[in-house]
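Hi everyone, thanks for making time this morning. Could you pull the structure up on your screens, so that we can walk through it together?

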Amino acid sequence: MLRLERRPQPSRLWTWLAPLLAVLATMVAGGLLFALLGKNPYEAVATIFWEPLFGEFASYYRPQLLVKGAPLVLIGIGLGLGFRAGIWNIGAEGQYIVGALTGAGVGLAVYPLDAWFVFPLMVIAGALGGWAWAMIPALLKVRFGTNEILVSLMLVYVAEELLAAMALGPMKNPEGMGFPGSRNLQQYPAAHNAEILTGTGMHWGVVAALIAVIFAYVLLGRHILGYHIRLSGQAPRAARFAGVRPARLVLTCLGISGALAGLAGMFEVSGPAGQVSIDFNVGYGFTAIIVAFLGRLHPAGIALAGLLMALTYIGGEIAQSNLGLPAAAIQMFQGMLLFFLLAVDLFTNFRVRLRKTEVA
Amino acid sequence: MNIKGLLAAAGLATGLATAAAAQDDPTKVGFIYVGPIGDGGWTYEHDKARLAVEEHFGDKVETVYQESVPEGADAERAITQMALQGADLIFTTSFGFMEPTLTVARKFPDVKFEHATGYKTLPNVSTYSARFYEGRAVQGHIAGKMTESDIIGYIASYPIPEVIRGINSAFVHAREANPDVEFKIIWAYTWFDPAKEADAATALIEQGADVILQHTDSTAPHAAAEKAGDVVTFGQASDMAEYKPFPRVSSIIDNWAPYYIDRVQAVMDGTWESQQVWHGIDEGMVEIGEITDAVPDEVKQEALALKESMASGEYHPFTGPLKKKDGSAWLAEGETASDETLLGMDFYVEGLEADIPQ
Amino acid sequence: MDLSSINPVLLLASLIVAATPILVAAIGELVVERAGVLNLGVEGMMITGAICGFAVAVETGSPALGFLAAAAGGAALSGLFAALTQFALANQVASGLALTLFGLGLSSLMGQGYVGVKPPATPRLDIPLLGDIPVLGRVVFGHDLVVYLGLALVVVVWAWLKFTRAGLVLRAVGENHDAAHALGYKVVRLRLLAIGFGGACAGLGGAYISLVRVPQWTEGMTAGAGWIALALVVFASWKPGRVLLGAWLFGGVTVLQLNLQAAGIAIPVEYLSMSPYLITILVLVIMSADRSRAPASLGRIFHASG
């Protein structure tokens, strides 16, 4: 019988090997699926993974990877910090929405003021909005001991309703012929999160994601707070003896992840999306949870995982329009990739041994 | 990304225009859908029209589509991608694709774009939309004649001009057919949520409505009506023929095929020009689905006559005298509503009791 | 503009119907969570059940077989989650989210041939005399079998958890899997069964939407009902009786707001729709003062290191 034995330390080899194995397994399983649908499996898989990076129009798609990946990484980094400490914020989608609302709200409120400080003010408002929304589960947890997984999840639904109310009411574009949705911030230069270098996809959100990765890396490796985070996750009791104050840690971790999610929402609404609309949120907050795990909660890993997810999104879109694959097949393909990535993680933390069954 | 990459990106449009211009290539037509092609309503009908284009032109066209494209950043990429892959003409079939369509169109001056239900154009961007309110007038007339409780239920989606126009048109003609008629309106705040639509229909039926009009896309209200037994419904967006002959007694069908075929032909002939069209029953974009035998023959003939008078242009569904809900004058005797007023319609006509949200 | 047009009897009756899908799905998830497992894939399992049930009902002409197939489909999909979390020891939150993604894709592929098809009707239970009792007759006896099945499920799960040994063991596993393991209980086996039960219930709930509530197949037709079921379990503080109450509250708010609108009363719809979630948070806060908390092992990975 097969037995699992916990490794004293995660295997270095498998940390690298496991994701590769998972991607390979997905290619095989996904190829089978595409073959069942009557498509050339090789061509389909190649389109998804190759076309965006090295295909004919890679010069357009590569920057798009950054645009699509930036919010995932930005949110994933914040979530990763909390997850490491055993603090489960799964309501990043809500914080993302509220950040977008407060950020865009500031921009829309001062419209058409043309001043240099409009955009920075929006950035601050966005981060504050996300932070405040995350403070609700944080404070409730600290004060009453309520479960932050559930409170943060509930607040996602509340945020979605709030978004609909704003898009249909106070933030509706007065020149929009009565259609729901705010003014387009892309056409308001002072508030537009434009590309820093045209054609590169590098907007301020990408820069922020990059800074967040470095910040998290340094924090976890060199700073006392990072030490506390790691210790609380690994050995909560030892952490107490080491002088970690759990309440403060909860507030800090949820605060950071909320602020980062809020920032992501703000950069998205003022840049690629352009406006507050009813279905502004497309699930980045939830996908980022998966990204955080795929990246093994390590900042560099999260950055890579975010880009990998972006790749399957963009490659999947190309496969849809080039090969006529249904969107549902792409969704299943992504689901498979996640399954395999989660499954192979086993080998990183455990050793599989063949042993005789011992009678307990 | 280096200078070379930048140049490549900038040069893409020109490079592609030459590639696409090669003779004998089939004309490539792209479609961007907001929902899945299996939604049975809005996107389903657009995809039916895409298939009609394929059938009409055979080898001379190649069509590509992308479904369930979120409005916003993802839409811009999806449209760009189609332009990059050499599409000559791209239909973007939801209001929310307006800004992304314009952005991409500026980058690809040689590609033609057709945006549904929007109001902004460019030299290479046309808009097209359907005068569904003409169909609503026919529905309103039948509804007014069919109701016995004098209560007509209306499942509305979002309070936008398109939907408000439909309510007004249906109401005006229902009142004309039956002066005692009252409307009960529910805003579902969704285009498509079968369970919620079923609940809305049930709520209306329970409050006495025996005719249900809907501006949401699923057949759920029909099923609710069927269960109730004696409630009349109308198909929306597609024919919803599976509920014929009762409760579904007629329908408004979005028929995009003639327009799509026409525009593809124009691109082939090199005669495509930017335009803003708002087609109705006359041009075949709005179709009235079969009026079943559940409707008395007399009413059916009246409805068909109403349809004919709109098709020939001799009658406009919004003809004065009409007042706004607040009692202020809107249209004088014989005056017809301008397209501009209709496009931005944010008021009810006199007689409707409820208020428009916000 | 008058409230009198709302008939409270009919309102109650349609509220019971509206609550059924989320009730059935939630009661399944409750058992899963009581066993210490958090499966966020309810939405994916519901929609898979919706199409499995629909397809089989259409092919065989029997709604009963359809519901069976829906339960089987939901359970089969939950098997993926079970394999990941119980054998490969993957994180439950991430696995559940992946399951939803996968289920949404799978269901729309399976459903491609079923758009615009009308399923066979699920008969309403017509008890000759009882159904004619004024008020009570319509509210209590005028529904289809699944509604009663849902109610029965609540009672059975409640009694099973409270009075049977197996129920006790399940709760023990959810509270402290290491201790339960030390006592010789098969933690993994029990959790596998619980996850399968949860999947079957979610599938049933989904099929109720595609076969009775709507009834038709369209992609994405569950439209978030799975997420509401998740909220419901929390709202109910993991107690079956309160799940029923919660389902009527969550379902009731929708039905009520639609009825108020139809009666011509202007209400801020978005703010009303928020209220069940805000109430849930409030309940969580109040509960934390009370003894009834979440199962202590909820969402934690179990590995028998012994």
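Chain B is divided into domain 1, covering 3–130, and domain 2, which takes in 133–252 + 292–343. Please keep in mind that we are looking at a predicted model. From C-alpha centre to C-alpha centre, domain 1 of chain B and domain 2 of chain B lie 33 Å apart. How many residues of domain 1 of chain B are in contact with domain 2 of chain B? Eight, and they meet nine residues of domain 2. On the domain 1 side of chain B, the part that touches domain 2 has three nonpolar, three polar and two charged residues.

Let's stay with chain B and look at a sheet. This one is open, has six strands and reads β2-β1-β3-β4-β5-β11 in chain B, with parallel pairing. Which are the edge strands? They are β2 (61–66) and β11 (276–279) of chain B, and each of them pairs on one side only. On average, neighbouring strands of this sheet are turned by 20 degrees against each other, ignoring direction. As a reminder for anyone who spends more time at the bench than at the graphics screen, strands of a sheet pair through backbone hydrogen bonds, either parallel or antiparallel.

Now for some of the individual pairs. Strand β1 of chain B, residues 27–32, runs parallel to β2(B), and six bridges join the two. Within that pair, B:K28 stands opposite B:E62 of β2(B). Is β2(B) mostly covered or mostly exposed? Covered: five of its six residues are buried.

Moving along the sheet, strand β3 of chain B (residues 89–92) pairs with strand β4 of chain B (residues 112–116) in the parallel sense, this time over four bridges. If you want a residue to click on, B:F91 has B:E114 in β4(B) as its bridge partner. Helix α4 of chain B, residues 98–107, lies across β3, β4 and β5 (125–130) of chain B. Relative to β4(B), that helix runs at about 170 degrees.

Chain B has another parallel pair to show you. Strand β8 of chain B, residues 211–214, is joined to β9(B) by two bridges, and there B:V211 has B:V232 as its bridge partner. Strand β9 of chain B spans residues 232–237, and six of its six residues are buried.

Next, the contacts between chains. Where chain B meets chain A, the contact takes 37 residues from chain B and 29 residues from chain A. On the chain B side, α1 (3–21), β2 and α3 (73–84) each supply at least two residues. The largest share of that side comes from α3(B), with eight residues. By class, the side of chain B that touches chain A divides into 21 nonpolar, 10 polar and six charged residues.

Chain A also meets chain C: 35 residues of chain C are in contact with 34 residues of chain A. Which elements of chain C give two or more residues to that side? They are α3 (63–87), α4 (92–110), α10 (225–235) and α12 (269–289) of chain C. The side of chain C that touches chain A has 25 nonpolar, nine polar and one charged residues. Let me pick out α4(C) from that list. It has 19 residues and reaches 26 Å from first C-alpha to last, close to the 27 Å expected at 1.5 Å a residue. In α4(C), 17 of the 19 residues are buried.

We'll finish in chain A, with helix α7 (residues 204–222). Its 19 residues should span 27 Å at 1.5 Å a residue, and the end C-alpha atoms are 26 Å apart, which agrees. Its buried residues include A:W204, A:G205 and A:V206, and A:A208, A:A209, A:A212 and A:A216 are buried as well. What do the buried residues of α7(A) pack against? They pack against α3 (58–84), α10 (246–270) and α12 (299–323) of chain A.

One last residue, A:L4, is found in strand β1 of chain A, residues 2–6. Why does A:L4 count as partly exposed? Because it has 18 C-beta neighbours inside 10 Å, and a buried residue needs 20 or more. Leaving aside residues up to four places away in sequence, A:L4 touches A:F350, A:V352 and C:H303. A:L4 and A:E175 are 171 residues apart in sequence, and their C-alpha atoms are 64 Å apart in space.

Technical notes: Residues are numbered from 1 along each chain as its sequence is written. Chains are lettered from A and ligands numbered from 1 in the order in which they are written. This is a predicted model: local features need pLDDT of at least 70, side-chain atom pairs count only at pLDDT 80 or more; totals for chains, interfaces and linings use all residues. Two strands pair if DSSP finds at least two bridges between them. Axes are lines fitted to C-alpha atoms, for helices over the stretch in contact, and angles run from 0 to 180 degrees between N-to-C directions. Two residues are in contact if their C-beta atoms, placed from the backbone, lie within 7 Å. Ala, Val, Leu, Ile, Met, Phe, Trp, Tyr, Cys and Pro count as nonpolar, Asp, Glu, Lys and Arg as charged, and the others, Gly among them, as polar. The expected span of a helix is 1.5 Å times one less than its number of residues. A residue is buried if 20 or more other C-beta atoms lie within 10 Å of its own, exposed if 12 or fewer, and partly exposed in between; C-beta atoms are placed from the backbone. Domain bounds come from an automatic or database domain assignment.
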